[in-house]
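Trainee: I would like to take a close look at a single part of this model. Could you go through its surroundings with me slowly?

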Amino acid sequence: MSAPIVVGVDGSASALAATGWAAREAARHRVPLRLVHAYLLPPTGYPELVVNGPEVRQAFEQQGRQWVQDAAVAARAAVPDVRVETAVVVDHPAAALVAASREARQVVLGSRGLGGFTGLLVGSVAVAVSAHGACPVVVVRAEGVGDGPVVVGVDGSPASEEAIDFAFEEASLRGAPLTAVIAWNDFLVDSAYHSRFTVDWAEVEQEQLRVLAERLAGRQEKYPDVRVHRAVVHDRPVRALLALAERARLLVVGSHGRGGFTGMLLGSTSQALVRHAPCPLAVVRPDAAGA
């Protein structure tokens with residue numbers, strides 16, 4: 001139960017903000033905070049290299065340790081008595097974070113990076129960590145609304161079970177209400193032949209409420225302190241989630257889904273959430289709900 005909260009550190013202001021958020025999360029869970037910086041050495045023969053290999057490695061190592069030290073200061077400013085562990089490794093950032101996730105409760109990342117984590121959340125690294133991390137991955141763009149709810153996207157599939165469990169636990173730890181939302185599109189309204197089907201949206205809504213109730217079953221008994229609001233939204237999932245996230249402390253989604261949330265973290269929807277979620281975004285893979 002002492003698996004740490006891991007933070008990717010790269011010297012950016014975004015990483016420092018994520019470190020402060022992660023320090024408070026570590027305090028809630030009563031676990032250590034582990035600060036990880038990863039860097040890759042320039043390839044041999046790089047034309048602008050004017051010093052030898054050992055000097056280059058030493059420079060990268062020193063820079064990384066300075067950034068980790070700065071992050072430790074930020075962590076203790078947020079939570080003075082947080083237990084801090086550090087690691088500076090030579091590795092690809094995604095590989096280093098995925099490896100660290102195997103012994104972590106959560107991996108926390110800032111939304112904008114530099115240094116070893118350049119472009120962390122605008123390309124393949126973010127997708128790789130979210131898709132392959134062995135624990136929930138949290139992207140911190142902003143702190144979120146302090147008195148707002150935890151919001152979890154539910155898609156009606158068993159794959160979202162871990163995300164729901166994670167959201168209940170986080171809501172309980174924060175003393176926050178939980179909003180569970182399920183969304184659907186007009187996928188039946190326009191066919192390939194541009195004909196229009198008659199859809200009883202009231203009936204659809206009742207069916208979605210039934211699915212939502214099934215997915216939430218048992219959690220409210222386990223977390224009686226969490227007040228739950230169920231929301232069935234006739235909208236695109238990303239738009240529905242972003243709207244609810246405006247007043248949220250934390251947005252939680254599964255890494256794979258079906259129905260309204262199909263491909264949540266495999267294409268444009270994931271990019272929209274990562275780039276625009278106005279509160280911390282937690283991505284929870286099946287069997288990765290925390291140590």
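Trainee: Where is Leu41 found, and between which two elements does its loop run?

Mentor: Leu41 lies in the loop between β2 (33-39) and α2 (53-78); helices (H or I, at least four residues) and strands (E, at least two) are DSSP runs, numbered from the N terminus. This is a predicted model, in which local features need pLDDT of at least 70, side-chain atom pairs count only at pLDDT 80 or more, and totals for chains, interfaces and linings use all residues. Residues are numbered from 1 along each chain as its sequence is written, and side-chain values use heavy atoms, with hydrogens and water left out.

Because its relative accessible area is 34%, Leu41 is partly exposed, a class between buried (under 20%) and exposed (over 50%), with a 1.4 Å probe and protein chains only. Together with Phe60 and Val90, Leu41 forms a nonpolar patch on the surface, and the three share about 210 Å² of accessible area. Such a patch joins nonpolar side chains within 5 Å, like charges being joined within 9 Å, from residues with over 30% relative accessible area and no salt bridge (a Lys or Arg side-chain nitrogen within 4 Å of an Asp or Glu carboxyl oxygen), with areas from the Shrake-Rupley method and a 1.4 Å probe.

Turning to the strand at one end of that loop, β2 pairs with β3 in the parallel sense over seven bridges, where pairing requires at least two DSSP bridges, and Leu35 stands opposite Thr86 in β3. Both strands belong to an open, mixed sheet of ten strands, ordered β3-β2-β1-β4-β5-β10-β9-β6-β7-β8, whose edge strands, β3 (84-90) and β8 (228-234), each pair on one side only.
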